[in-house]
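Here is a short tour of a protein model, meant to be read with the structure open in your viewer. Please take a look, and then let's walk through it together.

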Amino acid sequence: MNYSAKVLESVATKPGCWNYQKIGVFDGDSQIGEYIRNYSHYGDTTFCPFELRGKWYALYSQDYTATIIPV
(Lines give C-alpha, C1' and ligand atoms only; values in the text may rest on other atoms or scores of the structure.)
Protein backbone atom coordinates (compact mmCIF):
# COMPACT_ATOMS: atom_id res chain seq x y z
CA MET A 1 0.00 0.00 0.00
CA ASN A 2 1.17 3.48 -0.81
CA TYR A 3 -1.14 5.79 1.14
CA SER A 4 -0.78 9.57 1.07
CA ALA A 5 -2.78 12.75 1.52
CA LYS A 6 -2.94 15.79 -0.76
CA VAL A 7 -4.64 19.17 -0.48
CA LEU A 8 -7.39 19.14 -3.11
CA GLU A 9 -8.67 22.67 -2.63
CA SER A 10 -9.12 25.57 -0.26
CA VAL A 11 -12.65 25.86 1.12
CA ALA A 12 -13.78 29.42 1.87
CA THR A 13 -15.44 30.15 5.20
CA LYS A 14 -16.93 33.39 6.53
CA PRO A 15 -15.04 36.70 6.17
CA GLY A 16 -12.33 37.21 8.77
CA CYS A 17 -11.91 33.48 9.41
CA TRP A 18 -9.29 31.12 8.03
CA ASN A 19 -10.23 28.88 5.15
CA TYR A 20 -10.60 25.13 5.48
CA GLN A 21 -8.85 22.55 3.30
CA LYS A 22 -10.34 19.63 1.41
CA ILE A 23 -7.85 16.78 1.81
CA GLY A 24 -7.81 13.77 -0.51
CA VAL A 25 -6.58 10.39 0.69
CA PHE A 26 -4.83 8.35 -1.99
CA ASP A 27 -3.61 4.81 -2.51
CA GLY A 28 -0.96 5.43 -5.15
CA ASP A 29 -2.69 7.53 -7.82
CA SER A 30 -6.25 6.48 -6.87
CA GLN A 31 -8.27 8.67 -4.53
CA ILE A 32 -9.91 6.47 -1.88
CA GLY A 33 -11.34 9.13 0.42
CA GLU A 34 -11.42 12.75 1.49
CA TYR A 35 -12.13 14.94 4.47
CA ILE A 36 -12.37 18.62 5.38
CA ARG A 37 -9.72 20.05 7.70
CA ASN A 38 -10.83 23.08 9.71
CA TYR A 39 -7.50 24.88 9.35
CA SER A 40 -5.86 26.23 6.23
CA HIS A 41 -2.42 24.64 6.74
CA TYR A 42 -0.69 21.28 7.23
CA GLY A 43 -3.59 19.08 6.14
CA ASP A 44 -1.40 16.90 3.95
CA THR A 45 1.36 16.64 6.56
CA THR A 46 -0.90 15.63 9.46
CA PHE A 47 -1.69 12.28 7.82
CA CYS A 48 0.22 9.18 8.92
CA PRO A 49 -0.77 5.72 7.63
CA PHE A 50 0.39 2.62 9.49
CA GLU A 51 -0.22 -1.12 9.56
CA LEU A 52 -1.15 -2.96 12.74
CA ARG A 53 -1.73 -6.72 12.84
CA GLY A 54 -2.24 -6.85 9.07
CA LYS A 55 -4.80 -4.03 8.91
CA TRP A 56 -4.16 -0.47 7.68
CA TYR A 57 -5.09 2.61 9.74
CA ALA A 58 -4.21 6.28 9.54
CA LEU A 59 -3.72 9.09 11.99
CA TYR A 60 -5.11 12.29 10.56
CA SER A 61 -6.32 15.64 11.74
CA GLN A 62 -9.67 17.06 10.65
CA ASP A 63 -9.51 19.49 13.54
CA TYR A 64 -6.33 21.46 14.11
CA THR A 65 -6.50 20.70 17.85
CA ALA A 66 -6.81 16.91 17.65
CA THR A 67 -5.72 13.78 15.80
CA ILE A 68 -7.99 10.77 15.33
CA ILE A 69 -7.77 7.14 14.26
CA PRO A 70 -10.93 6.20 12.34
CA VAL A 71 -12.06 2.64 12.98
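## His-41 and its loop

His-41 is partly exposed, because its relative accessibility of 40% falls between the 20% and 50% cut-offs. Keep in mind that the model you are viewing is predicted. You will find His-41 in the loop that links strand E3 (30-37) to strand E4 (47-52). Its C-alpha lies 9.5 Å from that of Trp-18, although 23 residues separate the two in sequence.

Tyr-42 is also placed in the loop between E3 and E4. With a relative accessible area of 53%, Tyr-42 is exposed. The backbone of Tyr-42 deserves a glance too: phi is positive, at about 65°, although the residue is not a glycine. As background, most residues other than glycine have a negative phi.

## A second positive phi

Which loop holds Arg-53? Arg-53 sits in the loop between E4 and E5. Its phi is near 55°, again a positive value in a residue other than glycine. Arg-53 counts as exposed, because its relative accessibility of 81% is over the 50% cut-off.

## Overall build

Stepping back, the chain has zero helices and five strands, so the order of elements from the N terminus reads β-β-β-β-β. The C-alpha trace spans about 45 × 25 × 15 Å along its principal axes.

How much of the chain is buried? Of its 71 residues, 18% count as buried. The accessible surface of the chain is about 4900 Å², and carbon and sulfur atoms account for 52% of that. If you look at contacts between residues at least 6 apart in sequence, 23% of them join residues at least 24 apart.

## The nonpolar core

In soluble globular proteins, nonpolar side chains tend to be buried together. Here the largest nonpolar core is made up of seven residues: Ala-5, Ile-23, Val-25, Tyr-35, Phe-47, Ala-58 and Tyr-60. Strand E2 (20-27) and strand E5 (55-60) are the elements that each give two or more residues to this core.

Gln-31, in strand E3, has contacts with one of the core residues. Leaving aside residues up to four places away in sequence, Gln-31 touches Leu-8, Gly-24, Val-25 and Phe-26, and Val-25 is part of the largest core. Gln-31 is itself partly exposed, with a relative accessible area of 40%. From Gln-31 to Ala-5 the C-alpha distance is 9.1 Å, with their positions 26 residues apart in sequence.

## Aromatic rings

How many aromatic pairs does a search of the whole structure find? The search gives seven aromatic pairs. One of them joins Phe-50 and Tyr-57, with ring centres 5.8 Å apart and planes at 25° to each other. This pair counts as stacked because its plane angle is under 30 degrees. Both partners are partly exposed: Phe-50 has a relative accessibility of 25%, and Tyr-57 has a relative accessible area of 23%.

Trp-18, Tyr-39, Tyr-42 and Tyr-64 form one aromatic cluster, so the exposed Tyr-42 from the loop between E3 and E4 comes up again here. Another ring has a charged partner: Lys-6 lies over the face of Phe-26, at 4.6 Å from the ring centre.

## Cysteines

A disulfide is a covalent bond between the sulfur atoms of two cysteines. How many does the whole structure contain? The search finds zero disulfides. Cys-17 is partly exposed at 39% relative accessibility, and Cys-48 is partly exposed with a relative accessible area of 40%.

## After the last strand

Our last stop is Ala-66, in the segment after E5. Ala-66 is partly exposed, with a relative accessible area of 36%. Not counting residues up to four places away in sequence, Ala-66 touches Tyr-60 and Ser-61, and Tyr-60 belongs to the largest nonpolar core. Between Ala-66 and Trp-18 the C-alpha distance is 17 Å, and the two are 48 residues apart in sequence.

Technical notes: Residues numbered from 1 in each chain as written. Predicted model: local features only at pLDDT ≥ 70, side-chain atom pairs only at ≥ 80, totals over all residues. Heavy atoms only, no water. Phe/Tyr/Trp six-rings, centres within 6.5 Å; stacked < 30°, edge-to-face > 60°. Buried < 20%, exposed > 50% of the residue type's maximum accessible area, 1.4 Å probe, protein only. Lys NZ or Arg CZ within 6 Å of the ring centre and 35° of its normal. Disulfide = S-S within 2.5 Å. Helix = DSSP H or I, 4+ residues; strand = E, 2+ residues; numbered from the N terminus. Contact = heavy atoms within 4.5 Å. Areas by Shrake-Rupley, 256 points an atom, 1.4 Å probe, with all protein chains shown as cover. Core = buried A, V, L, I, M, F, W, Y, C linked by side-chain atoms within 4.5 Å.
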